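Visitor: Could we look at the empty spaces inside a protein model together? I would like to ask a few short questions.

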Amino acid sequence: MRGFAMAEAAAAQTGILGWVERTGNRLPDPVFIFFYLIIALVVISVICAVAGVGAFHPTQIDEATGQSLRIEAVSLLAPDNIRLLWTEMPKTFTHFHPLGYVLVVMLGAGVAERSGFFAAGMAKAVKSAPTSLLTPVVALVAMLGNHAADAGYVVLIPLAGILFAAAGRHPLAGIAAAFAGVSGGFSANISPGQLDALLFGITEEAVGASALDPTWSANIAGNWYFISAMTVIYLPIIWWVTDRVIEPRLGAWSGGASAGADADGLSPDPSAEDGELASKGLRAAGLAALFVVALWLAMVFAPGTPLVDEAACDGIAAADCSIHTELRPLYTSLVAGFFLLFLLTGWAYGRATGKIKNHRDLVDMMTESMKDMGYYLVLAFAAAHFVAMFGWSNLGLITAVHGAAGIQSTGLPLPIVLGLMVLFAGLLNLFVGSASAKWALLAPILVPMLMLLGISPEGATAAYRVGDSATNIITPLMVYFPLILVFAQRWQKDFGLGSLTAMMLPYAVWLLLSGVLLIVAWFYIGLPLGPDAPVSYVLPGTGG
């Protein structure tokens, strides 16, 4: 089977998709991409420093002249920067904002995944769906399953094929719908999660490095309203494409309900738990979830609550203060909230099903989840130094100022700028699969540049994540792409790489177009992207 898949993949390496695959495969690992970019950044900083490249800071005033402060490019080979590199290396790494956010959330999510809670929850939701609503339920559970990390790919996608076949429908249509939801709708969800912690940590690092707004801090719920709207819009799109485009193209299924379910010795039901035992575990997890929600509500509404800063508006003009200002501790507590939610629901499920017998099992699961983060730690080390050195050189802010001026000179409306950013992120996603790696590359320039144009850091993050997710399902460089191909070949042995890409292409096109329209319309209407997270932005001190 594996040899057949490789032969099919080789045969499909023609045309544009073949060029994308060959080009992407020649790219080095993202860790070394950052290493090479750091070398290039050093060279560019030296050239720009010698040439006297600079820009006027949009908010800082030179007290001696009364003019805007001019920011000059600084060589990374200057003694001060060399000293910073070597003496601040531990601090540069450990103070990288995404690091703490992601590790804290993953400590809890690792327990929920390894205890089987995520897998059982998705399987239960999909199995309970009426046949007529099978497609939208699969798509919705797939998008919500993004919080479950690998479980969405490994459990839900093959399960969707089995359930479609059992309903007399083509199993490849089920695989396509689940893949489109898990990966194409990667950023869509009804609640923030680990991806929000990861991306907003990088955004905060970019804002801090630019020194444009020292008062801005990341809010994990900064895209909450937007990603919820993505879920509402993506769901009917995936439903329509599956039932009206993909399934008619595949034709009627006549292979039976289990023709490929046990291929390669795999169980026809990827959910490992016995039905009654899983139901018991899910009930226990539900009670644990209610406990966490009640605890957070108590910390907001009970007298003397720690998550409401009632003194936040003291000394601030009434026009500049709102309920969101007082609730900022609540927003910043959400990282810890999701950690506790995932941890307790996973622990409750594991205790009820016997997966967690004592506290040592719980600690082992948390330890294993940190082992899985090993590659991310290496990537974060490289990304942290790239972002920090960008800030030391002043090139990020200088590029942002000149880039903003260039965009303003074109006369393009700001919503169109956001739409173009979505398309750019989608194109880059064909070559660099890691969401965090791409955003760490783009954020130091794009976030301050868009801030100067009047687009908030939350708006920049929202536009990026639309483009980042839509094209996941058509690039062979996405790490799960070969696995999805194997799942499909269990049902149709001649299904190759080109077949999978062609099947997913309509989803990618419609998701990308709808995402562009959504972000453009969102900016035109001026809706908040999340609690205390406007899409438009005014630099402090500009009075604009």
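Guide: What follows is a conversation about a cavity and a pocket in this predicted model.

Visitor: How does one find empty space in the first place?

Guide: Empty space shows up when a probe the size of a water molecule is rolled over the atoms.

Visitor: How many cavities of 30 Å³ or more are there?

Guide: The structure has one such cavity. The space in the largest cavity comes to about 50 Å³.

Visitor: Which residues lie closest to its centre?

Guide: Eleven residues line the largest cavity, and those closest to its centre are Phe96, Tyr376, Ala380, Ala383 and Ser436. Two elements, α18 (374–393) and α21 (435–453), each give two or more residues to this lining. The most comes from α18, with four residues.

Visitor: And what classes of residue make up that lining?

Guide: The lining of the largest cavity has ten nonpolar residues, one polar residue and no charged residues.

Visitor: Now the pockets. What volume does the second largest pocket have?

Guide: The second largest pocket has a volume of about 990 Å³. It is lined by 32 residues, and Ser191, Val293, Phe338, Leu341 and Phe342 are the closest to its centre.

Visitor: Which elements give two or more residues there?

Guide: They are α7 (117–127), α8 (134–144), α13 (275–301), α15 (328–332) and α16 (334–353). Of the elements, α13 gives the most to the lining of this pocket, with seven residues.

Visitor: How many charged residues does the lining of that pocket have?

Guide: The lining of the second largest pocket has no charged residues; 25 are nonpolar and seven are polar.

Conventions: Residues are numbered from 1 along each chain as its sequence is written. This is a predicted model: local features need pLDDT of at least 70, side-chain atom pairs count only at pLDDT 80 or more; totals for chains, interfaces and linings use all residues. Side-chain values use heavy atoms; hydrogens and water are left out. On a 1 Å grid over the protein atoms alone, a cavity is a set of points where a 1.4 Å probe fits but cannot get out, and a pocket is an open set with protein on both sides within 12 Å along at least five of seven lines; lining residues have an atom within 4 Å of a point. Grid points are joined across faces, edges and corners, and a volume is the space filled by probe spheres set on the points. Ala, Val, Leu, Ile, Met, Phe, Trp, Tyr, Cys and Pro count as nonpolar, Asp, Glu, Lys and Arg as charged, and the others, Gly among them, as polar.
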